[in-house]
Amino acid sequence: MPHESGDQRSAPSVHIIVKPVGSVCNLNCTYCFYLEKENLYPHTKYFRMSDVVLESFIRQRIKTHPAQDVNFVWQGGEPTLFGLDHFRRIVELQKKYANGKTIENAFQTNGVLLDDAWCEFFKENHFLIGLSIDGPEAIHDAYRLTKNGQGSFKQVMRGLECLKKHQVEFNTLTAVQQKNACYPLEVYQFLKEVGSGFMQFIPTVERVVQDASSLVLPGFKAEARITEWSVDAEQYGDFLIAIFDEWTQNDVGRQYVQIFDIALEAWIGRSVSLCVFRETCGDALAVEHNGDLYSCDHFVYPENKLGNIMESPLMALISSENQIRFGKDKRDKLPKYCRTCDVRFVCNGGCPKNRFIKTPHGEEGLNYLCAGYKKFFRHIDSSMRFMANELRWQRPPSNIMARAKGRHNS
């Protein structure tokens, strides 16, 4: 057990993604960046978080979190593989150590193993479910495959219907990639039809070391070799624009899209709540099955390992110089090209994991999605200004729909 002093201080308010089965998954999605993480543990055959590690994490997480509400995020791999009995134990431990705090649980799943027992548990314990689904069947099945190479759509839809049957709160996570990026409205309408009230559209950007089919990004002096399934930068911008225009005409206040909400935060002058677009980062960490803590879910590499919660207190790892430096590097290594950009206030250079191309002037560290972000954020500027003004006057942002429809019909 890690040594803890009797007056252990509170850790900064952070999000920690828990990987109770590491990278183990029952699907073999083409674009998954986390499956390869099992290579970090070459001598491990049984990827399961032990009871000792689990209890220590839950106790430390609750004790050091400064806020009244403590959020746990369970992910993978595929967290249902940890087993329902283990999650019942998780809830017991959370109640044991809550000490008057409110415990919240988010659970990201591919939905394949969801059944009545799982959904009854989620409903009873107020879990928020993030369901991965990429669109209608043909689009979803392009990359989200089972271990034997078959599409997973029908299994996912059975899980989704089970969530609805038991009235479990859920949102959808859609990876935007080469196959679905060309069909933004089809994807959006499909997600609406299946009952998603809150949508996340996550750009798929993955690189390869050597690949004859790699793409060369036009307009930049550096070559960035990316996988054939990665979304093009402007393609991602166009995808978001098409959905935004539909949303502002018909769905504001009815459907919620994460990046639109984040943008509105920026336009009303607030600090955005999503790490991708914050000036600094470092408050979205990941803990592996054995208690290893990493700087970020997208930086689970040996050089980004902060330590192990069974050897060092969680608070000490979160507050370490390495983690503080990791967070500040996002701001401090921002290219000069970005510092004078008109959309920096909302973009802030995007996620560091995608900063691997050069600026037009040859400077390192530009985000691969830069062109798409610029296109999207500039497109929504007028609408965002309108909605921000409505909020300032305590009027509903949904007033934008009448304005948007008028422009569309003129």
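How are α3 and α5 oriented to each other? They are oblique to each other, and the legends below, all drawn from a predicted model, start with that pair.

**View 1. Helix α3 packs against helix α5.** Here we're looking at residues 116-124 (helix α3) and residues 153-165 (helix α5), with the two axes 9 Å apart and an angle of about 40°. That angle falls in neither the roughly parallel range, under 35 degrees, nor the roughly perpendicular one, 65 to 115, so the pair counts as oblique. The crossing of α3 and α5 is right-handed. On the α3 side, the contact uses Asp116, Cys119 and Phe122, while α5 brings Cys162, Leu163 and Lys165. Sort the residues of this α3 and α5 contact by class and you get four nonpolar, two charged and no polar.

**View 2. Helix α1 crosses helix α2.** Move to residues 51-64 (helix α1) and residues 84-97 (helix α2): their axes come within 9 Å and cross at roughly 40°. Once again the word is oblique for α1 and α2, and α1 passes α2 in a right-handed crossing. From α1, look for Asp51, Leu54, Glu55, Ile58, Arg59 and Ile62; from α2, pick out His86, Arg89, Ile90, Leu93, Gln94, Lys96 and Tyr97. The mix of residues where α1 meets α2 is six nonpolar, five charged and two polar.

**View 3. Aromatic rings pair up.** The whole structure has 32 aromatic pairs, and two of them are worth a zoom. Phe72 and Trp74 are stacked, sitting 5.9 Å centre to centre with 5° between the planes. Phe72 is buried, at a relative accessible area of 1%, and Trp74 is buried too, at 0%. Phe376 and Phe377 make a tilted pair instead, at 5.2 Å centre to centre and 50° between the planes. Phe376 is buried, with a relative accessible area of 0%, and Phe377 counts as buried at 1%.

**View 4. One aromatic cluster takes in the stacked pair.** Pull back from Phe72 and Trp74 and you'll find both in one aromatic cluster. Its other members are Phe57, Phe82, Phe87, Phe107, Trp118, Phe121, Phe122 and Phe127. Phe122 may look familiar from View 1, as one of the α3 residues in contact with α5.

**View 5. Some backbone oddities sit in loops.** Most residues other than glycine have a negative phi, and most peptide bonds are trans. The peptide bond from Gly76 to Gly77 is cis, though, with omega near 10°. You'll find Gly77 in the loop between β2 (69-74) and α2. Asn99 is not a glycine, yet its phi is positive, near 50°. Asn99 lies in the loop between α2 and β3 (102-109) and counts as exposed, at 75% relative accessibility. His126 also has a positive phi, near 60°. The loop between α3 and β4 (128-132) holds His126, which counts as exposed at 68% relative accessibility.

**View 6. Gln394 sits out on a loop.** Look between α14 (381-392) and α15 (400-409) for the loop that holds Gln394. Is Gln394 buried or exposed? It's exposed, with a relative accessible area of 78%, and the cut-off for calling a residue exposed is over 50%. For a sense of distance, Gln394 and Cys281 are 31 Å apart in space, C-alpha to C-alpha, and 113 residues apart in sequence.

How values were computed: Residues numbered from 1 in each chain as written. Predicted model: local features only at pLDDT ≥ 70, side-chain atom pairs only at ≥ 80, totals over all residues. Heavy atoms only, no water. Axes fitted to C-alpha atoms, helices over the stretch in contact; angles between N-to-C directions. Helix = DSSP H or I, 4+ residues; strand = E, 2+ residues; numbered from the N terminus. Parallel < 35°, antiparallel > 145°, perpendicular 65-115°, else oblique. Left-handed = near helix turned anticlockwise from the far one by under 90°. Contact = heavy atoms within 4.5 Å. Nonpolar A, V, L, I, M, F, W, Y, C, P; charged D, E, K, R; others polar. Phe/Tyr/Trp six-rings, centres within 6.5 Å; stacked < 30°, edge-to-face > 60°. Buried < 20%, exposed > 50% of the residue type's maximum accessible area, 1.4 Å probe, protein only.
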